[in-house]
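Visitor: Please take me closely through one part of this model, the packing of its interior, and state each cut-off as you go.

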Amino acid sequence: MTPRPALGLWMCTALVVGSMVGSGVFLLPASLSPYGGISILGWLVSAGGAMCLALVMARLGALIPKVGGPYAFAREGFGDFVGFWVAWAYWISLLTANAALAVATVSYATVFWPTLGASPVAGGVASLVALWSLTFVNAWGVRAAGHVQLVTTALKLLPLAAIGTIGFLYFQPEHFRPFNPAGGSPVTAVTATVTLTLWAFMGLEAATVPAADVRDPARTIPRATILGTLIAATIFIISTSAVMGIIAPADLAVSTAPFADAAGSIWGNAGRLVIGAGATIACFGALNGWILLSGQLPRAAAQDGLLPAAFARLSPRGTPSFGLIFAAGVATILIAMNYTRGLVQAFTFLILLSTLATLLAYVFASATGLLFAVRERLAATGARGAQPSGAAAPVGRLVVAVLAFGFSFWAIAGAGPEIVFWGFLLLVAGVPVFVAMRAAGRG
């Protein structure tokens, strides 16, 4: 008897929200402080672009409810080679994100255990404990991972909600004057802030990846993707605005823990500790979500013959344990690199490549959405006796897909020429793997 899929609407929504609400939102107010109030416009543009992407992902999730999310969409739209490229890039993105989130979790935990920050060895060991403990949770079962995601998402949203509500009682409007303190054109300032704020929305596709473990995926995945993106966008904009209104711009620019500092100014040291706990839980929950995805994505590619068959094998508990352990092994190497003198900058560079790789998946997913929307539009207008209103839905999907593609392409261009150059080399490096798998398949 086939076991009932483990992930329902709320677990999938928690996976989306939990994958997005990680370390980024807790640091962004300081990064945005030089841009002042106009950064809120950047948040709104990013949120609009993210919602377009979410709508495209939701539509594709309903049409193609297959394991792999963006990879499955790209392969369906453009064939094996493009599908492999997206899977390769997205997989690299997941592996580096796991290492980064493990390190970030321990970084925030220094609020409670300063030794973790003072001793590189202690910090490295603690990062590995976080990484491998959640790897074993995911290997134990998808439902266990879903419960962890649901609990950590609920816990980490509480401190953000507190700052985003009570914090407005301490809001000082003069912190937003002048509206564009960086000078220059508003378009330039908004573009710069969009480049920063977009990172917070990475992970909006999370519910589309483990489709085989989702109940009624054709309905659950679209609803969870849209609902999760709306929840995260609302939290990001409100809580960031509150922090920028509580802390003076000059102080915010040099803050290493803006949410904790905002809480400290309201509730004292106890508030700082609570927000520190929330940030730690946020990273821990995001790490759990990305670990789950790092096993599901190669599983989908392996089932299609684009990666070794070992990644497609399931353990007796129904989890892709080989893929999970492989991903944890690679992340362990990256963490070791991070805690080796002289390699911190290399590690940071890998994180930028991780983001670029995710954007590549968004571009091809949007292009697939555009392809399907064009086909729907042609079918609607070419159908004999079709009513004018019958083409309204395809036109709307076409517009959303164009906006999602344009937004993703713009974001890649905003990453800078050096990152795009190295990202392209990263893609080319995967070609021999594709050739080897294709040759083995033909053999």
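**The nonpolar interior**

Guide: Among the contacts in the chain (heavy atoms within 4.5 Å) with a separation of 6 or more, 83% join residues 24 or more positions apart. The model is predicted, so local features need pLDDT of at least 70 and side-chain atom pairs count only at pLDDT 80 or more, while totals for chains, interfaces and linings use all residues. Residues are numbered from 1 along each chain as its sequence is written, and side-chain values use heavy atoms, with hydrogens and water left out.

The chain has 443 residues, of which 54% are buried (under 20% relative accessible area with a 1.4 Å probe, protein chains only; exposed is over 50%, partly exposed in between). Its secondary structure comes to 18 helices and zero strands (DSSP runs, H or I of at least four residues for helices, E of at least two for strands, numbered from the N terminus).

The largest nonpolar core (buried Ala, Val, Leu, Ile, Met, Phe, Trp, Tyr and Cys joined through side-chain atoms within 4.5 Å) has 61 residues, and Trp-43, Ile-163, Phe-201, Leu-204 and Phe-236 touch the most other members. Helix H3, residues 39–63, gives the most to this core, with ten residues. Leaving aside residues up to four places away in sequence, Trp-43 touches Leu-28, Leu-32, Thr-197, Ala-200, Phe-201, Phe-236, Ile-237 and Thr-240.

A second, separate core of 50 residues includes Tyr-71, Val-103, Leu-134 and Ala-301. Tyr-71 lies in helix H4, residues 70–78, where Pro-70, Ala-72, Phe-73, Ala-74 and Gly-77 are buried as well, and just after H4, Gly-79 takes a positive phi of about 95°.
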